[in-house]
Amino acid sequence: MDKNISILGSTGSIGTQTLDVCRMHGYKIKCLTANSNVELMEKQAREFKPELVCMMNEKSAAQLKAKLADTDIKITAGMDGLIECAVYKGADTVLNSVVGMIGLRPTLEAIMAKKTIALANKETLVAGGRLVTGLAKEYGVSILPVDSEHSAIFQAMQGSPRKSAVKKIILTASGGPFFGKTFKELESVTPSQALKHPNWNMGAKITIDSATMMNKGLEFIEAKWLFDMKNEDIEIVIHRESVVHSAIVYQDNSMIAQLGVPDMRIPIQYALTYPERLPSPVEPLSLADYGKLTFFEPDYDTFGCINVCKKAIEMGGLHPAAANGANEESVKLFLDGKIKFTDIAYLNGEAMLKAPDKKDFTLDDVLEADRAAREYVKEAVK
């Protein structure tokens with residue numbers, strides 16, 4: 001199977017695992033992008049020989065250009081370079097794994113360039129859900145989920161040719177490092193404690209989101225856009241082992257789940273090979289080794305971030321964009337030791353409620369809602 005791929009965010013956790021998959025199957029890498037990790041980008045560029053590389057940081061782009069002066073690789077910088085990689089003619093698939101709102105514009109541009117989108121940047125759908133899904137429909141572009149949960153739902157849905165056969169989505173969550181803790185116990189949590197995820201190896205931002213369970217709230221919003229479900233038909237269940245990656249319930253009440261070891265290379269590969277199934281670099285799952293799998297109701301009182309996201313998508317319009325923007329800012333402040341762990345949900349909720357009630361919005365409106373929410377969080381902390 002010939003594949004020509006652009007990877008946006010190639011030096012992060014998802015990006016490096018995507019390259020593992022591409023290495024195994026001999027896929028051609030046309031473009032790579034990163035923020036500022038020059039050392040790793042040089043290694044990736046020399047191994048995979050892309051035609052175009054973008055570093056978001058201008059200084060890093062200049063350093064990389066000097067290091068790769070003996071190659072024919074074109075080096076670009078900033079948002080213009082990121083978009084150039086997203087629409088690059090030689091690539092048929094764009095895997096977007098950049099972290100944060102920065103991923104929205106390149107996704108929209110890639111859709112208009114009629115690329116297949118393998119989406120690992122959840123903010124794209126959280127903040128710009130209606131814009132993204134509407135544009136994808138208009139241009140006849142597939143959005144293939146890379147998140148393990150949404151990939152699991154997508155895979156389970158292959159069991160029926162009709163979406164109307166699906167009654168409910170079950171979104172599983174690991175519960176993060178603080179499962180079972182009380183709100184009072186969480187008040188004294190440190191960044192180093194919050195960065196210790198029990199099952200997954202992820203970047204700092206996503207790991208904190210998992211600890212606050214904001215991650216699951218954002219995925220709730222994503223699931224609504226990806227699978228066109230009503231809010232009440234999406235259920236969150238805590239599953240500590242991260243083996244059942246999510247499930248769906250059909251109209252006849254039969255449930256189909258996707259299982260596997262907690263390794264992101266399974267959903268990454270499925271997005272790149274869909275609808276084919278190929279050998280994978282991931283070890284097989286042994287149910288006997290696990291012995292038992294457990295499931296619990298989420299603690300919505302302690303982990304208020306889920307409620308913020310549910311309220312945001314219920315209110316609609318720009319409220320999800322504001323919730324997401326506020327969260328990016330509050331996570332940054334927590335990691336810098338400027339706010340408490342429990343302040344994150346409060347700040348996200350307050351900023352979300354202040355978003356303008358605008359149902360028909362543009363990309364500029366989304367970016368403004370994001371900016372205003374971040375500003376609110378910074379001012380509130382001052």
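1. A residue is called buried here when its relative accessible area is under 20%, exposed when over 50%, and partly exposed in between (1.4 Å probe, protein chains only). By that definition Arg-265 is buried, with a relative accessible area of 18%.

2. The model is predicted: local features need pLDDT of at least 70, side-chain atom pairs count only at pLDDT 80 or more, and totals for chains, interfaces and linings use all residues. Residues are numbered from 1 along each chain as its sequence is written, and side-chain values use heavy atoms, with hydrogens and water left out.

3. Helices are DSSP runs (H or I, at least four residues), numbered from the N terminus. Helix H10 spans residues 204–212, and 7 of its 9 residues are buried, so the helix is largely enclosed by the rest of the structure. The buried residues are Lys-205, Thr-207, Ile-208, Asp-209, Ser-210, Ala-211 and Thr-212.

4. The cover over the buried residues of H10, judged by contact (heavy atoms within 4.5 Å), includes helices H6 (122–139), H9 (191–194), H11 (214–227), H14 (305–315), H15 (319–335) and H16 (343–353). After H10 comes Met-213, which has a positive phi, near 70 degrees.

5. A salt bridge is counted when a side-chain nitrogen of Lys or Arg lies within 4 Å of a carboxyl oxygen of Asp or Glu. The structure has 25 salt bridges by this rule. One of them pairs Asp-20 with Arg-265, with the closest N and O atoms 3.5 Å apart. This pair links distant parts of the chain, since Asp-20 belongs to helix H1 (residues 13–25) and Arg-265 to helix H12 (residues 265–273), 245 residues apart. Asp-20 counts as partly exposed, at 26% relative accessibility.

6. Helix H11, which is among the elements covering H10, also takes part in salt bridges. Lys-216 meets Glu-149 at 2.9 Å, N to O. Lys-216 lies in H11 and Glu-149 in helix H7 (residues 148–156), so this pair ties together parts 67 residues apart in sequence. Both Lys-216 and Glu-149 are buried.

7. Lys-216 has a further salt-bridge partner in Glu-219, where the closest N and O atoms are 2.5 Å apart. Here the two residues both lie in H11, 3 residues apart, about one turn of the helix. Glu-219 counts as buried at 1% relative accessibility, and Lys-216 is buried with a relative accessible area of 5%.

8. Salt bridges that share partners also join Asp-20, Arg-23, Glu-47, Asp-263 and Arg-265 into one network.
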